[in-house]
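The following exercises ask you to read strands, a metal site and enclosed space from a set of coordinates. Work each task on the structure before turning to its solution.

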Amino acid sequence: MKTARIPAVGKEFPIGKILCIGRNYVDHIKELGNETPAAPVIFMKPATSVIGDGDEIVIPPYSKNCHHEAELALLIGTGGKDIPVDQALSHLAGYGVAIDLTLRDVQDELKKKGLPWEIAKGFDTACPLSDFVPAGMVDNPQQLQIRLTVNGDLRQDGSTSLMIHSVTRIVSHISTIFTLEPGDIILTGTPAGVGPLVPGDLVYAEISGVGALKVTVK
Ligand code: MG
């Protein structure tokens, strides 16, 4: 079973649902030519897609274009339904670094046909995830710098201040649709700079004050 760890307080949660927000940064919406959604775009990854620091990404044979998307991850510590915005932060156990791996060629085909994205977003190894820091150690989740390098080259460098839907609004909105439980994880969208990974790449994602994650591509 995959677990989410908060080493600073010795806590560990079996991972439940992984809910992901798409199109949450204007500059990333523009680079893919998408429309800005009125409500957050939501999709899911299964817990089996999670890998940890030092692990290896395996790009499925049905894709020729796997993109990296560095994202702030939220770990739910206290469950709830219809969580008010002003109580959202109290439901978080920790913050972490995730990479929402996306098979862009497969996703583009699915989008055209109006089909669901799971095989482009939820395959094994599609969710590299760091350990979490206790939520109380992050003063303001909307003032964090997200960076991702591939083989040392800076590809993504954005601030969570540029989110369209804030962390508290995301938690509140998602909880109106899905009951949140301890161990659920929310990925909050990626800033601009997404791009392809190829075998042998070394990928390093980092969020200021939260942590870092290093993975390689098989
Ligand atoms: Mg994403």
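Two strands are taken to pair if DSSP finds at least two bridges between them. The model used throughout is predicted.

**Exercise 1. The open sheet**

Task: Determine which strands form the open sheet, in what order, and which of them are the edge strands.

Solution. Step one is to follow the pairing from strand to strand, which gives six strands in the order β4-β3-β15-β8-β9-β12. The sheet is open, and its pairing is mixed. Step two is to look for strands that pair on one side only, and these are β4 (41–45) and β12 (133–134). Step three takes one contact within the sheet: β8 (residues 70–76) and β15 (residues 185–187) are joined by three bridges in the antiparallel sense. Within this pair, Leu 74 is found opposite Ile 186 of β15.

**Exercise 2. The neighbours of β13**

Task: Find how β13 pairs with β14 and with β17, and name the residue in the hairpin that takes a positive phi.

Solution. Begin with β13 (residues 145–150) and β14 (residues 153–159), which run antiparallel and share six bridges. Here Ile 146 faces Gly 158 of β14. The hairpin leaves two residues between the strands, and Asn 151 adopts a positive phi near 50 degrees. Then turn to β17 (residues 202–207), which also pairs with β13 in the antiparallel sense, over five bridges. A bridge in this second pairing links Leu 148 to Ala 205 of β17.

**Exercise 3. The magnesium site**

Task: Identify the residues that coordinate the magnesium ion, and decide whether Glu 69 is buried or exposed.

Solution. First collect the donors: Glu 69 and Glu 71 each contribute through OE, while Asp 100 contributes through OD, at 2.0 to 2.1 Å. Next write their spacing along the chain, which is E-x1-E-x28-D. Finally apply the cut-off, under which buried means under 20% relative accessible area. Glu 69 has a relative accessible area of 4% and is therefore buried; Glu 71, at 1%, is likewise buried.

**Exercise 4. The enclosed space**

Task: Establish how many cavities of 30 Å³ or more the structure holds, and describe the lining of the largest cavity.

Solution. The search finds one cavity of 30 Å³ or more, and the largest cavity contains about 130 Å³ of space. Its lining comprises 17 residues, with Gly 22, Arg 23, His 28, Glu 69 and Lys 121 lying nearest the centre. Glu 69 is thus one of these central lining residues and also a ligand of the magnesium ion. Sorting the lining by element shows that β3 (18–22), α1 (26–32) and α2 (104–113) each provide at least two residues, with the largest share, three residues, coming from α2. Sorting by class gives seven charged, six polar and four nonpolar residues.

**Exercise 5. The largest pocket**

Task: Work out which element gives the most to the lining of the largest pocket, and how the lining residues divide by class.

Solution. The largest pocket has a volume of about 150 Å³, and its lining includes Lys 2, Arg 5, Asp 55 and Phe 132. Both β1 (3–6) and β5 (50–51) supply at least two lining residues, and β1 gives the most, with three. By class, the lining holds five nonpolar, four charged and three polar residues.

Methods: Residues are numbered from 1 along each chain as its sequence is written. This is a predicted model: local features need pLDDT of at least 70, side-chain atom pairs count only at pLDDT 80 or more; totals for chains, interfaces and linings use all residues. Side-chain values use heavy atoms; hydrogens and water are left out. Helices (H or I, at least four residues) and strands (E, at least two) are DSSP runs, numbered from the N terminus. On a 1 Å grid over the protein atoms alone, a cavity is a set of points where a 1.4 Å probe fits but cannot get out, and a pocket is an open set with protein on both sides within 12 Å along at least five of seven lines; lining residues have an atom within 4 Å of a point. Grid points are joined across faces, edges and corners, and a volume is the space filled by probe spheres set on the points. Ala, Val, Leu, Ile, Met, Phe, Trp, Tyr, Cys and Pro count as nonpolar, Asp, Glu, Lys and Arg as charged, and the others, Gly among them, as polar. Donors are N, O and S atoms within 2.8 Å of the metal (3.2 Å for Na, K and Ca); water is not among the atoms, so sites may look incomplete. Buried means under 20% relative accessible area, exposed over 50%, partly exposed in between (1.4 Å probe, protein chains only).
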